[in-house]
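The following exercises concern charged side chains and how they pair. Work through each task with the sequence and the model in view before reading its solution.

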Amino acid sequence: MSDDKLRRRLHNGVRKFSRHGAVKTRDWARFASHICYHKGDFKNLQTYTALGEQCAKLEKAWGSKACRIFYMATPPSMFGEIPNYLRQGRVGG
């Protein structure tokens with residue numbers, strides 16, 4: 001999946017399910033420009049290291065420390081493991 005495909009998918013969801021009505025095009029574009037897709041194996045520490053590097057690179061480009069939200073489609077068995085990998089990969093900020 002590309003960044004743009006993810007952004008379109010999320011935007012469609014916001015349009016469909018928003019309790020606050022339609023989002024302004026300008027507001028969505030500003031928000032969506034900060035959405036990135038990163039594919040990886042959640043049992044591989046390198047995935048999290050690369051994700052941490054990507055986050056650091058984006059924060060440097062933005063000149064600001066970012067609040068991070070991660071969406072991960074994962075099996076229940078990984079729920080307790082992923083926070084450890086995020087910490088080890090220095091993704092938590």
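**Exercise 1: a pair within one helix**

In this predicted model, aspartate 4 and arginine 7 both belong to helix H1 (residues 3-17), where they stand three residues apart, about one turn of the helix. Determine whether arginine 7 is buried or exposed, and state the N to O distance at which its side chain meets that of aspartate 4.

*Solution.* Begin with the distance: the side chains of aspartate 4 and arginine 7 come to 3.2 Å, N to O, and because the cut-off for a salt bridge is 4 Å, the pair qualifies as one. Next, take the accessibility of each partner: arginine 7 has a relative accessibility of 18% and therefore counts as buried, since buried means under 20%, whereas aspartate 4, at 45%, is partly exposed.

**Exercise 2: a network**

Find which residues are linked with Glu59 in a network of salt bridges, and describe the accessibility of each member.

*Solution.* First, consider lysine 65, whose salt bridge with glutamate 59 has its closest N and O atoms 3.8 Å apart. Second, consider arginine 68, whose side chain meets that of glutamate 59 in a salt bridge at 3.1 Å, N to O. Joining these two steps, Glu59, Lys65 and Arg68 form a network of salt bridges. Finally, compare the accessibilities: glutamate 59 is buried at 12%, arginine 68 is partly exposed at 23%, and lysine 65 is exposed at 56%.

**Exercise 3: the count**

State how many salt bridges the rule gives.

*Solution.* Applying the 4 Å cut-off, the count comes to three salt bridges.

Methods:
Residues numbered from 1 in each chain as written. Predicted model: local features only at pLDDT ≥ 70, side-chain atom pairs only at ≥ 80, totals over all residues. Heavy atoms only, no water. Helix = DSSP H or I, 4+ residues; strand = E, 2+ residues; numbered from the N terminus. Buried < 20%, exposed > 50% of the residue type's maximum accessible area, 1.4 Å probe, protein only.
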